[in-house]
Amino acid sequence: MAIIDVTISQLSESVAEATLLNWKKKPGDDVAEDEILFEIETDKVVLDVPSPADGILFEILVGDGGTVVANQVLARIDTEGKPADLKPASSDGAIEAVSTSSQPPSPQGNSGSAMPAAAKLMAETGLSATQIVGTGRKGKITKGDVLAAIADGAEPASPLPTPAPQLKPVEAYLETPLITERPEQRVPMTRLRARIAERLLQSQATNAILTTFNEVNMQAVIDLRTRYKATFEKEHGVRLGIVSFFVKAAVHALRKYPVLNASVEGKDIIYHGFFDIGIAVSSPRGLVVPILRNADQMSIAEIERKIADYTTKAKLGTLSLEELTGGTFSISNGGVFGSMLSTPIINPPQSAILGIHATTERAVVENGQIVVRPMNYLAMSYDHRIIDGKEAVLGLVAIKDALEDPARLLLDL
């Protein structure tokens, strides 16, 4: 018998602990190297943890729902066991499982198949192996290969699996009168939802939050999109959306008023010489904010491509910790849900956030005449401790001006 420990690698500088969601194996089961053993949930993402070696799962030390930290021993594997189906190692993006032993690698399996994490993702998205080019060892399909195929627009080759019936939320019971029953459902918060709640309360407790508003005529942006969207998509292979214009306009304003891109650390103001823009994205587990790093150096096509990639990953739950860490300014788009106006909450340690909303035709006055224009209401929440009202208002006006005159922004066509 040769026993090795299974731990998880360092999570992240900002993540101290995680929750072990559920085990995929039980003691005594065969396991193969890189086969998924369990899932963990941090306050940012859910991650698959693979087996570090072939063998038999000898012992589980932390059960479902347990709290785990980096380098904690979670299970033990007997590497002298004889797994029924050996599978090769892969590098498909799952968090690394660390072995404290130096056992030699196991024999490789058959080529041309998908790794466990990739096979799971293919089943969820309806993609087949014939639609994906495997880049793993001996042509194995990795999770990264599947994500790349999705980003390239691959359509499901088979019907998506029907989801299992779910317990109805409380709201569903309230739609019809109840005569004899008054059901309730108590569900513990996920670690992600609890962290969101904690950060929102932290933001309101530590920041002097004030919000300023303005309106922007989106006609110029709409006309530009209508004129160039077909050429743009043909040239860059991605749809020309709206949010990329807001990102470019925000960077334009942050350059003019650097304090909007700053943060507070103790009694110091940290002025950032880079522009990492967080884009709020809805996921099945809650709101997440992946980061567009060095957004000032990105073309509109690169921004659109990255946002599309983040949106897909958020739906599939495959965003990495690195993609969710950092940021100097955020943009929240409530307009996708039909919001007319809101007061967004700052994402600490940032000092400002831009809220954009639904673009709707409204009656406005131009040159003494009432005309109909596609209007969008903008909201900028800011930390009044370091940002004066003047800077916030002028920053929002700069965003408005850039959107109403998008010729200032490069389309990279």
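Okay, let's start out at the surface: N367 is exposed, with a relative accessible area of 80%. Keep in mind as we go that this is a predicted model. N367 sits in the loop between β19, residues 360-366, and β20, residues 369-383. What's odd about its backbone? N367 has a positive phi of about 50°, even though it isn't a glycine.

Now hop over to another loop, the one between β3 and β4, where you'll find D34. D34 also isn't a glycine, and it has a positive phi, of about 80°. So is D34 buried or exposed? D34 has a relative accessible area of 8%, so it counts as buried, the cut-off being under 20%.

Stay in that loop for a second. E35 is there too, between β3 at 30-31 and β4 at 36-41. Its relative accessibility is 13%, and because that falls under 20%, E35 is called buried as well. And which residue does its side chain meet? The side chains of E35 and K25 are joined by a polar contact of 3.0 Å.

One more loop, and this one has a nice backbone detail. P348 and P349 are linked by a cis peptide bond, with omega at about 5°. P349 belongs to the loop between β17, residues 329-333, and β18, residues 352-356.

Right, on to a helix. Have a look at α5, residues 219-236: there's a kink of about 60° in it, and the kink is centred on Y228. Which residues of α5 are buried? They are V221, L224, R225, F232 and H236. What do those buried residues pack against? Three helices: α6 at 243-256, α7 at 300-316 and α8 at 389-404. And just past the end of α5, you run into G237, which takes a positive phi of about 70°.

Let's zoom out to the whole chain. How many helices and strands are there? You get 8 helices and 20 strands. The chain has 413 residues, and 45% of them are buried. Its accessible surface adds up to about 21500 Å², with 52% of that belonging to carbon and sulfur atoms.

Last number, and it's about contacts. Take the contacts between residues at least 6 apart in sequence: 66% of those join residues at least 24 apart.

If you want something to find in the viewer, try the kink at Y228 in α5, then the cis bond between P348 and P349. That's me done, thanks!

Terms used. Residues numbered from 1 in each chain as written. Heavy atoms only, no water. Helix = DSSP H or I, 4+ residues; strand = E, 2+ residues; numbered from the N terminus. Buried < 20%, exposed > 50% of the residue type's maximum accessible area, 1.4 Å probe, protein only. Polar contact = N/O pair within 3.5 Å; in protein donor to acceptor, adjacent residues only side chain to side chain. Contact = heavy atoms within 4.5 Å. Areas by Shrake-Rupley, 256 points an atom, 1.4 Å probe, with all protein chains shown as cover. Bend = angle between axes of the 7 residues up to and from the residue.
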